[in-house]
Amino acid sequence: MERRDFLNICVWSFVGLNIHFSSNKLSAFPEDLNKDQEETEVLVKVLGTAQDGGLPQIGCYCRNCIRAREDHRFSRLISSLAILDLKEKKYFILDATPDIRVQSHMALTRLGLEQQKRKNSPHAIILSHAHIGHYTGLMFFGYEAMSTHKLPVYCSPRLRDFLTKNGPWSQLVRLENISLFTLSFKKTLFLTPRISISSFLVPHRDEYSDTLGFIIAGKKKKLLYIPDIQSWEAWNRSIEEETKKVNYAILDGTFFCSEELPGRNFTKIGHPFITTSLETLKDVAKKGKTKIYFTHLNHTNLALDPEGKALKEIKTKGFNLASDGMEFFL
Ligand SMILES: [Zn+2]
Ligand SMILES: [Zn+2]
Ligand SMILES: [Zn+2]
């Protein structure tokens with residue numbers, strides 16, 4: 001390799017890294033960042049909105065992935081939330097994604113803690129299930145990286161069992177980098193005096209663990225978070241009723257419609273299409289009391305085209321796409 005080429009690569013890697021580690025990851029849709037809210041001491045910050053594979057996806061040159069590579073504002077990190085107690089300066093991460101290095105930085109800069117010469121690990125991690133986009137970020141708390149001590153990790157009993165019995169996760173448990181706690185479906189967990197979280201089972205491909213959805217509550221508002229679910233009909237609760245109980249709902253929007261998956265048997269897709277959700281929740285959206293956002297967007301999702309019909313349909317029907325960096329005061 002010529003030295004000049006090598007230097008070019010170095011410069012570009014550096015630029016790439018800078019973009020990647022910028023905590024204020026600019027959204028392509030700044031008008032959607034849910035500004036003008038009443039500020040409280042509890043903040044949910046959206047750290048990522050892509051399906052487990054991220055956007056762009058490895059080796060993919062579809063239109064959405066090309067756009068995301070050409071303009072990083074269209075790239076999306078993997079679905080995750082930070083729950084912040086602004087008074088106590090504590091942060092909790094809901095789902096440890098492979099993008100967690102960047103995502104914890106987003107949370108830390110929001111709290112203004114990034115200047116301190118400390119490790120600044122999250123105060124706890126909460127996990128929804130054992131698919132790669134939702135728990136493998138735990139690896140960064142191990143011996144090779146942050147090497148935390150007894151970082152609390154909350155999950156379902158089945159996921160706890162999976163992490164305890166299977167390497168490399170079992171090493172995190174054995175070396176006490178993490179301490180596992182079981183979430184009770186009956187009791188609400190208080191992360192701090194002003195943040196509570198309750199969890200419930202949702203149907204999904206449950207190879208290694210079952211799958212949870214969550215309601216996060218502050219003193220004033222509530223947010224429902226279901227990044228992965230097989231379908232609304234397969235759930236033993238009514239999504240319409242559940243969304244009515246909260247101020248915000250951030251829901252599985254993996255695929256817009258069957259059109260983006262030619263040749264696939266879409267009864268076996270395992271996610272509700274956004275088009276189905278628009279229909280199921282149309283009355284809730286029309287009332288306007290609950291704001292509904294879609295997350296966990298697959299790289300093929302038609303709604304990722306900023307000029308496309310799909311995004312227009314979502315907005316005209318009173319729904320929204322979640323964006324990386326979006327904030328909700330609770
Ligand atoms: Zn997922
Ligand atoms: Zn793609
Ligand atoms: Zn999943």
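Here is a friendly set of questions and answers on the metal sites, aromatic pairs and cavities of this structure.

This is a predicted model, in which local features need pLDDT of at least 70 and side-chain atom pairs count only at pLDDT 80 or more, while totals for chains, interfaces and linings use all residues. Residues are numbered from 1 along each chain as its sequence is written, chains are lettered from A and ligands numbered from 1 in the order in which they are written, and side-chain values use heavy atoms, with hydrogens and water left out.

User: Which residues are the protein donors of the zinc ion (ligand 2)?
Analyst: Donors here are N, O and S atoms within 2.8 Å of the metal (3.2 Å for Na, K and Ca); water is not among the atoms, so sites may look incomplete. For the zinc ion (ligand 2), the donor atoms lie 2.1 to 2.3 Å away. Along the sequence, the donor residues follow the spacing C-x1-C-x2-C-x233-H. The donors are Cys-60 (SG), Cys-62 (SG), Cys-65 (SG) and His-299 (ND1).

User: What is the geometry at the site of the zinc ion (ligand 2)?
Analyst: Four donors count as tetrahedral if all angles lie between 85 and 135 degrees; four count as square planar and six as octahedral if opposite donors are over 155 degrees apart and all others between 65 and 115; anything else is irregular. The 4 donor atoms at this zinc ion (ligand 2) make angles of 101 to 115°. The site is tetrahedral.

User: How many residues apart are Cys-65 and His-299, two donors of the zinc ion (ligand 2)?
Analyst: Helices (H or I, at least four residues) and strands (E, at least two) are DSSP runs, numbered from the N terminus. Cys-65 sits in helix H2 (residues 63-70), and His-299 in the loop between strand S12 (291-295) and helix H10 (309-316). This pair links distant parts of the chain, and the separation is 234 residues.

User: Is Cys-65 buried or exposed?
Analyst: Buried means under 20% relative accessible area, exposed over 50%, and partly exposed in between (1.4 Å probe, protein chains only). Cys-65 has 0% relative accessibility, so Cys-65 counts as buried.

User: What is the arrangement of donors around the zinc ion (ligand 1)?
Analyst: The protein donors of the zinc ion (ligand 1) are Asp-52 (OD), His-134 (NE2), Asp-228 (OD) and His-296 (NE2), at 2.0 to 2.4 Å. Among them, Asp-52 is buried at 10% relative accessibility, and His-296 is buried at 1%. Because the 4 donor atoms subtend angles of 76 to 169°, the arrangement is irregular.

User: Which residues coordinate the zinc ion (ligand 3)?
Analyst: The donor residues are spaced H-x1-H-x72-H in sequence, and they lie at 2.1 to 2.2 Å from the zinc ion (ligand 3). Both His-129 and His-204 are buried. The coordinating residues are His-129 (NE2), His-131 (ND1) and His-204 (NE2).

User: How far apart are the zinc ion (ligand 1) and the zinc ion (ligand 3)?
Analyst: The zinc ion (ligand 1) has Asp-52 and His-134 among its protein donors, while the zinc ion (ligand 3) is coordinated by residues including His-129. The two zinc ions are separated by 3.4 Å.

User: Why is the pair of Phe-162 and Tyr-208 classed as it is?
Analyst: Rings of Phe, Tyr and Trp (its six-membered ring) pair if their centres lie within 6.5 Å; planes under 30 degrees apart count as stacked, over 60 as edge-to-face and the rest as tilted. By this rule there are 8 aromatic pairs. The rings of Phe-162 and Tyr-208 have centres 5.2 Å apart and planes at 35°, so this pair is tilted.

User: Which class does the pair of Tyr-293 and Phe-328 belong to?
Analyst: Both Tyr-293 and Phe-328 are buried. Their ring centres are 5.1 Å apart with planes at 80°, so the pair is edge-to-face.

User: Which residues form one aromatic cluster with Phe-162?
Analyst: Phe-162 is buried, at 11% relative accessibility. The cluster joins Phe-162 with Tyr-135, Trp-169 and Tyr-208.

User: Where is His-271 found?
Analyst: His-271 is buried, with a relative accessible area of 12%. The C-alpha atoms of His-271 and Arg-205 are 9.7 Å apart, although the residues are 66 apart along the chain. His-271 is in the loop between strand S11 (248-252) and helix H8 (274-280).
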